[in-house]
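Dear colleague,

Please find the structure below, handed over for your records. The findings on how its chains are arranged follow after it.

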There are 2 protein chains.
Amino acid sequence: MDKSKKIHPREDAIDRLVEAWGQLASIFGFNRSTGRVSALLLVSDEALSLSAIAERLQISRGNASMCLKELRRWGVVRRIAEPGDRQDYYVGGEDLWRQMIEIARERKRREFDPAAHDALEALEELEGEPAANRLATHLGTLDQIASQLFANDDALVSLIGLLQSGFGNKGVQS
Amino acid sequence: MDKSKKIHPREDAIDRLVEAWGQLASIFGFNRSTGRVSALLLVSDEALSLSAIAERLQISRGNASMCLKELRRWGVVRRIAEPGDRQDYYVGGEDLWRQMIEIARERKRREFDPAAHDALEALEELEGEPAANRLATHLGTLDQIASQLFANDDALVSLIGLLQSGFGNKGVQS
DNA sequence: ACAATCTTTCAGAACATACTGAAACTTCGG
DNA sequence: CCGAAGTTTCAGTATGTTCTGAAAGATTGT
């Protein structure tokens, strides 16, 4: 009856994954609960209902509903209607690389670009001042790099390949 | 007397830069005030005193002190003692690329690595479950890529050059 | 050693974010 | 068209973060 007394290795492992993934999600600007819901769906071989998720994570249905909405908005969770069942079911984990790239691209578009644009605009009016010029050049280059990175999906996919194969490590050890 | 009535183009531009840079900083996990202080130092051709910063940004000296402490901790601001002056002065903007890389590396080390490690550990205990395996592979690759990226400073510097020159854009336009 | 000047710290206030639970809404079978 | 089952929304509450201002701590000139 009391969960903390009995030992459930699998459930424990899932709890720890859920917590760690929530942590990771919060680094990338999601709230921890949203990350936790995502984790649960990612390690689940079957689709889960809202109620099952809320129960497993010990959060209210309302909260679970909001988290799922957010995750669907980011395109990382899909809702499924099972015929003959009133509950909706949710799945995650489809095409993880594509999803990561999409999230990064979208965050850049929504958050980075406007602020960088404002900053560059303000810096233009400070032209002539050495410090301002340095900063403008730096930020301009950064912006350009970020844009290159997301200009097309292939760029990122190739880049991932490049990095995996050990780009930049001149002296290969052992 | 009333600042908002008189027009100060330069001061306005700095205000807008400060605000935008605060926004950018918050994307990367700093608080807005810390970002604002950093902006002020970045566009300033001379070193500024704590009092000057607090006054210019309309924040308490206490807060300014904390922000400067944080910025020094991240190695993006340096404190200078002017001989014959009791106040300390602060400068920023020295070697921006190096600083960016250092910040990214440190954030990875402090925030990403521990969470990713926990997640992978938990996933190991779920071996055999298809969804868990997929996630483990994905996260493992991601971790490996991130490590490659920061394995040595040259990797990132070369990468920046590569991206600036338009890596990944097969059809070069115009 | 004292006083003046500046900086740091930190308790509590102000502000911001996230969560709950209940009401409103939707869907579907009968 | 009604009632049952499920989902969404949102006002209020709880939790977490950031800021202020005052007290304590440094440092320096006399």
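A turn of 180° with a shift of 0.0 Å along the axis lays chain B on chain A with an RMSD of 0.0 Å, the copies being superposed by least squares on the C-alpha atoms of residues with pLDDT of at least 70 in both. That is the relation of a two-fold axis.

This is a predicted model, in which local features need pLDDT of at least 70, side-chain atom pairs count only at pLDDT 80 or more, and totals for chains, interfaces and linings use all residues. Residues are numbered from 1 along each chain as its sequence is written, chains are lettered from A in the order in which they are written, and side-chain values use heavy atoms, with hydrogens and water left out.

In the interface, 59 residues of chain B are in contact with 59 residues of chain A (heavy atoms within 4.5 Å). Because 100% of the interface residues of chain B are also interface residues in chain A, the copies meet through the same surface. Chain B and chain A bury about 5,200 Å² between them, 68% of it on carbon and sulfur atoms (accessible area lost on being put together, 1.4 Å probe, summed over both).

Four salt bridges are counted between chain B and chain A (a side-chain nitrogen of Lys or Arg within 4 Å of a carboxyl oxygen of Asp or Glu). In one salt bridge, the side chains of Arg10(A) and Glu129(B) meet at 2.5 Å, N to O.

Yours sincerely

Notes: Buried area is the accessible area (1.4 Å probe) that two parts lose on being put together, summed over both.
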